[in-house]
Amino acid sequence: MVDVTGHLAMALLFAAPAWLVWGRRAALVFAGFTLVTAMLPDTDLVLQGVLPISHHGVTHTVLFVALSSVLVGTVAARYLTDWFNATRWIRSTDIGSEAVFVFATAGLLTGGISHLFADVLSAPDIAPPLSPFWPVYSDPVIVDVIYYDSPVWNFGLFGVAVALHLLLVRDDRYPLETRYRIGSTEPSATGTDD
């Protein structure tokens, strides 16, 4: 498991395709949301006080991340769609509950899966290996190419992730037209899309 900086960096790298799907403002929000959700699998560290679970156990599985993502996406679509439509900082005539569901679910999936991926790359150094595909495949998956406390990996990866997002924010070819696009469908007065 990389340190927190490495997990945030991996989340930013995994969030980069958001620039292809959503407008600039929504892609930035998506990247921020993914940063917040990047530590989702480590909820086991908090839950250990009340449940008999271990670190790198059930919360470090694709199943847990997927179920949590769909649950939060459903709740967000149900309770936040009207709020998003009433908020002035989102430049869109209407944001449907389907777009809110996809946005929230994708953000949680992206953050959670990026965390699992980073842990697979580095877990055996200081923590037990994880079995991310449990219950389908219960054996641990270990790649072990990143040392936990390596500033080169953690901060270097973060620098690369930030640079990638800066390049994408300046590219005028994006976003692509999709049905889940959040943002205006017309270019703004400055010639760029929000």
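Reader: How many helices and how many strands does the secondary structure of the protein come to?
Author: The secondary structure of this protein, taken from a predicted model, can be read from the N terminus on, where the elements run α-α-α-α-α-α-α. The count comes to 7 helices and 0 strands.

Reader: What share of the residues of the protein counts as buried?
Author: The protein exposes about 10400 Å², and carbon and sulfur atoms supply 68% of that area. Of its 194 residues, the share that counts as buried is 42%.

Reader: Among contacts between residues at least 6 apart in sequence, what percentage joins residues at least 24 apart?
Author: One example of a link between distant parts of the chain is the aromatic pair of Phe-30 in helix 3 (residues 24–37) and Phe-103 in helix 6, which are 73 residues apart. Taken over the protein, and counting contacts between residues at least 6 apart in sequence, the percentage that joins residues at least 24 apart is 69%.

Reader: How many aromatic pairs are there, and is the pair of Phe-14 and Phe-117 stacked, edge-to-face or tilted?
Author: By the ring-pairing rule, the count comes to 2 aromatic pairs. The ring centres of Phe-14 and Phe-117 lie 5.6 Å apart, and because their planes meet at 50°, the pair is tilted. This pair links distant parts of the chain, with Phe-14 in helix 1 (residues 4–15) and Phe-117 in helix 6, 103 residues apart. The answers are therefore 2 pairs and, for Phe-14 with Phe-117, tilted.

Reader: Are Phe-14 and Phe-117 buried, partly exposed or exposed?
Author: Partly exposed residues fall between the limits of under 20% for buried and over 50% for exposed. Phe-14 has a relative accessible area of 29%, and Phe-117 has one of 40%. Phe-14 is therefore partly exposed, and Phe-117 is likewise partly exposed.

Reader: What is the geometry of the aromatic pair formed by Phe-30 and Phe-103?
Author: Phe-30 belongs to helix 3 (residues 24–37) and Phe-103 to helix 6, and both Phe-30 and Phe-103 are buried. Their rings stand 5.5 Å centre to centre, with 75° between the planes, and the geometry is edge-to-face.

Reader: Which backbone oxygen does the side chain of Thr-110 reach?
Author: Thr-110 is found in helix 6 (residues 97–122), and because its relative accessible area is 14%, Thr-110 is buried. Leaving aside residues up to four places away in sequence, Thr-110 touches Ala-11, Phe-14, Ala-15, Phe-30 and Thr-34. At 2.6 Å, the side chain of Thr-110 reaches the backbone oxygen of Ala-106.

Reader: Which backbone nitrogen lies 3.0 Å from a polar atom of the side chain of Asp-3?
Author: Asp-3 lies in the segment before helix 1, and with a relative accessibility of 17% it counts as buried. The backbone nitrogen that lies 3.0 Å from a polar atom of the Asp-3 side chain is that of Thr-5.

Reader: Which residues does Ser-54 touch, not counting residues up to four places away in sequence?
Author: Ser-54 is found in the loop between helix 4 (43–47) and helix 5, and its relative accessible area of 45% makes Ser-54 partly exposed. The C-alpha atoms of Ser-54 and Asp-44, 10 residues apart along the chain, are separated by 6.8 Å. With residues up to four places away set aside, Ser-54 touches Asp-44 and Gln-48.

Reader: Near what value is phi of His-56?
Author: His-56 lies in the loop between helix 4 and helix 5, and at 6% relative accessibility His-56 counts as buried. Its phi is a positive value in a residue other than glycine, near 70°.

Reader: Is the peptide bond from Trp-134 to Pro-135 cis or trans?
Author: Pro-135 has its place in the loop between helix 6 and helix 7 (151–169). With omega near 5°, the peptide bond from Trp-134 to Pro-135 is cis.

Reader: Which residues make the nonpolar surface patch of about 550 Å²?
Author: Residues of a patch need over 30% relative accessible area, and Val-75, at 42% relative accessibility, counts as partly exposed. Val-75 has its place in helix 5 (residues 62–86). The patch of about 550 Å² is made by Leu-71, Val-75, Tyr-79, Leu-80 and Trp-83.

Conventions: Residues are numbered from 1 along each chain as its sequence is written. This is a predicted model: local features need pLDDT of at least 70, side-chain atom pairs count only at pLDDT 80 or more; totals for chains, interfaces and linings use all residues. Side-chain values use heavy atoms; hydrogens and water are left out. Patches are made of residues with over 30% relative accessible area and no salt bridge: like charges are joined within 9 Å, nonpolar side chains (Val, Leu, Ile, Met, Phe, Trp, Tyr) within 5 Å. Accessible areas come from the Shrake-Rupley method with a 1.4 Å probe; for residues, only the protein chains shown count as cover. A salt bridge is a side-chain nitrogen of Lys or Arg within 4 Å of a carboxyl oxygen of Asp or Glu. Helices (H or I, at least four residues) and strands (E, at least two) are DSSP runs, numbered from the N terminus. Buried means under 20% relative accessible area, exposed over 50%, partly exposed in between (1.4 Å probe, protein chains only). A polar contact is a pair of N or O atoms within 3.5 Å; within protein, one must be able to donate a hydrogen and the other to accept it, and residues adjacent in sequence count only if both atoms are side-chain atoms. Contact means heavy atoms within 4.5 Å. Rings of Phe, Tyr and Trp (its six-membered ring) pair if their centres lie within 6.5 Å; planes under 30 degrees apart count as stacked, over 60 as edge-to-face and the rest as tilted.
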